[in-house]
Amino acid sequence: MGFYKTEAVVLRNRDFREADQLVTLFSLDYGKIKAVARGARKPKSRLRGGIQAFTWNDLMLHTGRNLDIITGCDIRRSFYFREDLDKLTNALYWADLLERILPEREANPALYALFINFLQVLDSLPDNPKMTDDYRVLSHLFELKLANLAGYRPDLNQCGYCQKPLTPAKGRVWFSLGLGGVVCPVCVQAPEAGFLPLSLGTLKIMQYWLGMPVQQFYRLKVTKSNRQELKRILPAFLEYYLEQGISSGKLVRDLGDNLP
Ligand SMILES: [Zn+2]
């Protein structure tokens, strides 16, 4: 391919060889790319600013034998979350999920646009320790929308067994990790492995979320018990589809667990 251009957000960077950095990018045109920024650890490198995590760039690259080479960057916006540990933890978690879920070199423009939207919304929230619950809700919204756009849209409208539309007036239903959606209380009457209880209130939130623009997330009231259910269901749902045991994923999860 030789030289090529694309816009991209940096998911992660790490030291590589003597003065280089290895950068994982989520690009608009080619999906996930791993590329080398040569000499980027030198103080005067022109690439230095553009390859920091969560920087949104127009990039110039060159095809390499194994890894592509970043030859130039033009920063659109740097999302800089280092002053707020809560924000940083959430952004790292999203980047980690994306890194794990995105196949190499497969464009997903809708998911790309979604990720930028989430970074913008996160950046616009006030830096305030009292916002922790809102950040959590935002991350659950990200999990659901990511699942949807990555090809794992959960079926939230009809029972995965009897296929009947889900219209219970009260009580709760079940979320099946294996079926990737809801199951009615007639088909499952008692807890079984892989079935998580789901209240109708939380189900309604999930149904609404699938069609809701990210910017409106704070308009919908999410109670503590809704949050607890979302926390039990959505990460488990994603994990079900992801390979286990990747250390960076575990690190971010542990970091998240340690927050109040
Ligand atoms: Zn059923």
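This passage describes the fold of the chain, its two sheets and the packing of its helices.

The model is predicted; local features require pLDDT of at least 70, side-chain atom pairs count only at pLDDT 80 or more, and totals for chains, interfaces and linings use all residues. Residues are numbered from 1 along each chain as its sequence is written.

The chain has six helices and eight strands. These elements are DSSP runs numbered from the N terminus (helices: H or I, at least four residues; strands: E, at least two). Along the sequence they follow the pattern β-β-β-β-β-α-α-α-β-β-β-α-α-α. The C-alpha trace spans about 65 × 40 × 30 Å along its principal axes. The radius of gyration is 20 Å, which agrees with the value near 18 Å for a compact globule of 260 residues. That radius is taken over C-alpha atoms, and the globule rule is 2.2 Å times the number of residues to the power 0.38.

Five strands form a closed barrel in the order E1-E2-E3-E5-E4. Its pairing is mixed; two strands pair if DSSP finds at least two bridges between them. The twist averages 45° from one strand to the next. Axes here are lines fitted to C-alpha atoms, for helices over the stretch in contact, and angles run from 0 to 180 degrees between N-to-C directions. Strands E3 (residues 31–37) and E5 (residues 68–78) run parallel and are joined by two bridges. Ala 35 has Asp 68 of E5 as its bridge partner. Helix H1 (residues 85–101) lies across E1 (3–16) and E2 (20–27), at about 115° to E1.

The second sheet is open, with three strands in the order E7-E6-E8 and antiparallel pairing. E7 (181–183) and E8 (195–199) stand at the edges; each has a single partner strand, so one side of each lacks a neighbour in the sheet. Neighbouring strands are turned by 40° against each other on average, direction ignored. Five bridges join E6 (residues 172–176) to E8. Ser 176 stands opposite Phe 195 in E8. Helix H4 lies across E6, E7 and E8, at about 90° to E8. Helix H5 (residues 224–241) lies across E6 and E8, at about 135° to E8.

H4 (residues 200–211) also packs against H3 (residues 132–149), at an angle of about 60° with axes 10 Å apart. The two helices are therefore oblique to each other; angles under 35 degrees count as roughly parallel, over 145 as roughly antiparallel, 65 to 115 as roughly perpendicular and the rest as oblique. Leu 141, Leu 144 and Asn 148 of H3 make the contact with Met 206, Trp 209 and Leu 210 of H4 (C-beta atoms, placed from the backbone, within 7 Å).

Terms used. Two residues are in contact if their C-beta atoms, placed from the backbone, lie within 7 Å.
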